[in-house]
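I opened this notebook to keep track of what I looked up in one protein model and in what order. The structure comes first, and my entries follow.

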Amino acid sequence: MRIGMVTLGCDKNTVDNEYLAGLLGRDGHAVEVADPARPPDVVVITTCGFIQAARDQSLEAIAEWSRVRARSGTRLGVIGCLAQRSREDLLRRYPDIDFLAGVGEFHKVARLVAGEQRSRFLADTAPESATWNLGAQSPAANETIEFDDRAFSDDAPRVLVPEALPRTRLERRPHGFLKISDGCNHTCTFCSIPLMKGVYSSVPKAILLDEARRMLDEGIREINVVAQDITKYGFDIEKRFMLPELLDALASLSGEFWIRLFYLYPSTVTTDLIQVMQSHPKIARYLDIPLQHLDPAVLQRMRRPHDRARTMDMLRRIRAELPDCALRTTFIVGFPGETPDEFRTLMDSVREIRFERMGVFTYSREPGTPAADLPNQVTDKVKQRRREKLMKLQSGISAEWAAAQVGTERRVLVESAVPGKPWYVGRSHSEAADIDGVVRVHSETPLAVGDFVTVRITEADVYDLTGEALVPARVDTV
Ligand code: SF4
């Protein structure tokens, strides 16, 4: 059977689809990226339910494949976060959906996709009514919440990987994702992810090491470590933070590669973590720490770590102890009740820390989350204006940072070649794939995708760097 996959949403979905493709491939099916021009026998759309814009994108994809189904007979399957959260609504809107499943349960979803399971959806996919039991905690509660073990109803979602699963990558690129856990026990008031992904569930270390080895054997040169919060890795298993020891083991694997860390929760960036980064050159000097805001009152309403002094200390410490570490963060502007003064605190903090990379989102009022019911919702116009102001500030900081790189030498991973020209596109430790800029590399000596080369930077614009390859030969040690 030919099975086409549509992967929407975040890198966690990418990994889940690779598990599914691996299981289906093992059963003899041909799995590919879905193309409406070549309708497959079955299409599986992995949806995202994070914010309205993501939901709209998922709905558009379902509508498009519903039209393909009408003309070609392709079986239409919808899985993932939006299917988890809005099963009834999806079936009402698109009665021609052939099967539907939520998150996790990879073996069962594979049977559903292959048509071996007779029901239209997984019996244990949570109904729409599955909600967090948020208890009596008010939005003003403090950081102790972060290890709050909230309860799910019995049919709540959960993403578990209790055994090694085969993985098939649908795109051939020199970077890949290692999802070390899924779900989240934090209670950020704006976020609906725990409603869709369930409680925090770590993948056992042995499975991750095995996966990482397979990734390296397949030519991956950059392992992106992802989860909803990677700093809490292992806490659900052994009640201690195991990320540093996991990274130590990953960085001790042989081969030429680097590891990049995403989604660190600010209050659990530990000394051990900084030390393991200091001792392993294979861990890229890049940290993605979504802060969401830097005004204590807003953070408190968000139920995020709101000890601003502690967060700023942590950031200054990274600057001091991990020189040349690129800091990426994301902020939400226009959170309910955000005053001009609170927004100013955020702007001032950004001026002080000078993040190399930043994403800014306008607050999205998510049904079922506590923040949706908070008073003093900010108008769209004000949200947009604040976003533009913050982005403008950041583009100045980014441009200055990029200009300061001219004349430096950077180690670059070659990601693609410009056909017929002596030009390549790559990334140094400061650029993550698809979200940051790139390094354009000129080299008269042919380079291969997946090579690491030393590049002298000759030009810079706001986000991208340009340079000349100095050492086209492979570097043996890192
Ligand atoms: S830590 Fe991230 S995934 Fe978890 S509730 Fe907060 S924003 Fe959502």
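These entries go from the whole chain to the ligand, then to one helix and two groups of strands.

**Entry 1: the whole chain**

I began by noting that this is a predicted model, and I kept that in mind for every value below. I then looked up the secondary structure, and the protein chain turned out to have 14 helices and 18 strands. The radius of gyration of the protein chain is 23 Å, close to the 23 Å that the globule rule gives for 478 residues, so the chain is as compact as a globular protein of that length. Along its principal axes, the C-alpha trace spans about 60 × 55 × 45 Å.

I also looked up burial and contacts for the chain. Buried residues account for 46% of the 478 residues. Of the contacts between residues at least 6 apart in sequence, 73% join residues that are at least 24 apart.

**Entry 2: around the ligand**

Which residues surround the ligand? I wrote down Cys 184, His 186, Cys 188, Cys 191, Ile 193, Pro 194, Gln 228, Asp 229 and Tyr 265. When I sorted this shell by character, I had 6 nonpolar residues, 2 polar ones and 1 charged one.

**Entry 3: helix H14 and Ser 398**

Next I turned to helix H14, which covers residues 380-404 and has 25 residues. From its first C-alpha to its last it reaches 36 Å, close to the 36 Å expected at 1.5 Å a residue. I noted that Lys 383, Arg 386, Gln 394, Ser 398 and Ala 402 are buried in H14. As a reminder to myself, an α-helix has 3.6 residues a turn, so residues three or four places apart point the same way.

I chose Ser 398, which is found in this helix, for a closer look. Why does Ser 398 count as buried? The reason is that 22 C-beta neighbours lie inside 10 Å of Ser 398, and 20 or more are needed for a residue to be called buried. Leaving aside neighbours within four places in sequence, Ser 398 is in contact with Val 462 and Tyr 463. I also looked up Ser 86, which is 312 residues from Ser 398 in sequence and 39 Å away in space, C-alpha to C-alpha.

**Entry 4: strand E1 and its sheet**

I then went to strand E1 (residues 2-7), where 5 of the 6 residues are buried, so this strand is largely enclosed by the rest of the structure. E1 pairs with strand E2 (residues 30-33) in the parallel sense over 4 bridges. Within this pairing, Ile 3 stands opposite Val 31 in E2, and Met 5 stands opposite Val 33 in E2.

In what order do the strands of this open sheet lie? The order is E2-E1-E3-E4-E5, 5 strands with parallel pairing. E2 and strand E5 (99-100) stand at the edges with a single partner strand each, so one side of each is left without a neighbour in the sheet.

**Entry 5: strand E12 and its partners**

My last stop was strand E12 (residues 326-333), which is mostly covered, with 7 of its 8 residues buried. Strand E11 (residues 283-288) pairs with E12 in the parallel sense over 3 bridges, and Leu 287 stands opposite Leu 327 in E12. E12 also pairs with strand E13 (residues 357-362), in the parallel sense over 6 bridges, and there I found Thr 329 opposite Met 358 in E13.

How values were computed. Residues numbered from 1 in each chain as written. Predicted model: local features only at pLDDT ≥ 70, side-chain atom pairs only at ≥ 80, totals over all residues. Helix = DSSP H or I, 4+ residues; strand = E, 2+ residues; numbered from the N terminus. Rg over C-alpha atoms; globule rule 2.2 N^0.38 Å. Buried ≥ 20, exposed ≤ 12 C-beta atoms within 10 Å, placed from the backbone. Contact = placed C-beta atoms within 7 Å. Near = placed C-beta within 6 Å. Nonpolar A, V, L, I, M, F, W, Y, C, P; charged D, E, K, R; others polar. Expected span 1.5 Å × (residues − 1). Pairing = 2+ DSSP bridges.
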